[in-house]
Amino acid sequence: MTEVGDLIEGARLAAGLSQRGLADASGISQSTLSRIIAGAREAKLPEVVAIAEATGHTVAQLTGGANVAGRLELAARATNGSTMDDMRRTLTHFLEVNDYLDDQAVAVAPRPGAPARNQRS
């Protein structure tokens, strides 16, 4: 299995970014980014999302997870000038984050006044 750091490094190279450029684009310090790529530190989910957005990749591509985008069918219309590609990319990120949280057994936060529920059956 490919390590997340290797996948992030491949995405960085594919995007034509230096490590400093990726750090600037993602808002992650270069030292933290370097440790993530080297495998000396695990990437936190918000960091993976920021790196995905900065490199034009998906969370699944950077984590080696299931390819949500391959299962995604989108039919929508935008009222704010977004393109279909923009909407697909945003929706894919949300679905990948949801899958990741499910895989990590992170509980769904209940709505105020609603009982807690377990999303996995």
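Which residues in α2 meet A50, I51, A54 and T55 in α4? Good morning, colleagues; I shall open with that question and then turn to the rest of the fold. Please bear in mind that this is a predicted model.

The residues concerned are L22, A25 and S26 of α2. By class, this contact between α2 and α4 comprises five nonpolar residues, two polar residues and no charged ones. As for geometry, two packed helices are described by the angle between their axes and the distance between the axes. The axes of α2 and α4 come within 9 Å and cross at roughly 110°. That angle makes α2 roughly perpendicular to α4, and the crossing is right-handed.

Allow me now to place these helices in the whole. The protein contains seven helices and zero strands, so that its pattern along the sequence reads α-α-α-α-α-α-α. It has 121 residues, of which 30% are buried. Of the contacts between residues at least 6 apart in sequence, 48% join residues at least 24 apart.

I turn next to a second partner of α4. Helix α4 spans residues 45–55, and α7 spans residues 84–103. How do the axes of α4 and α7 cross, and within what distance do they come? They come within 12 Å and cross at roughly 150°. The two helices are therefore roughly antiparallel to each other. Their crossing, too, is right-handed. On the α4 side, the residues in this contact are L45, V49, A52 and E53; on the α7 side, they are H93, V97, Y100 and L101. These residues divide into six nonpolar, one polar and one charged.

Finally, I should like to consider α3, which runs over residues 30–38. Which residues of α3 are buried? They are T32, L33, I36 and I37. These four cover an arc of only 135° around the axis, which puts them on the same side of α3. The general background is that an α-helix has 3.6 residues a turn, so residues three or four places apart point the same way. What covers the buried residues of α3 includes α1, residues 4–14, together with α2, residues 19–26, and α4. After α3 comes G39, whose phi is positive, near 85°.

To close, let me return to α4. This helix meets α2 through A50, I51, A54 and T55, meets α7 through L45, V49, A52 and E53, and is among the elements covering the buried residues of α3. Thank you for your attention.

Note on methods: Residues numbered from 1 in each chain as written. Predicted model: local features only at pLDDT ≥ 70, side-chain atom pairs only at ≥ 80, totals over all residues. Heavy atoms only, no water. Buried < 20%, exposed > 50% of the residue type's maximum accessible area, 1.4 Å probe, protein only. Arc of directions from axis to C-beta. Contact = heavy atoms within 4.5 Å. Axes fitted to C-alpha atoms, helices over the stretch in contact; angles between N-to-C directions. Parallel < 35°, antiparallel > 145°, perpendicular 65-115°, else oblique. Left-handed = near helix turned anticlockwise from the far one by under 90°. Nonpolar A, V, L, I, M, F, W, Y, C, P; charged D, E, K, R; others polar.
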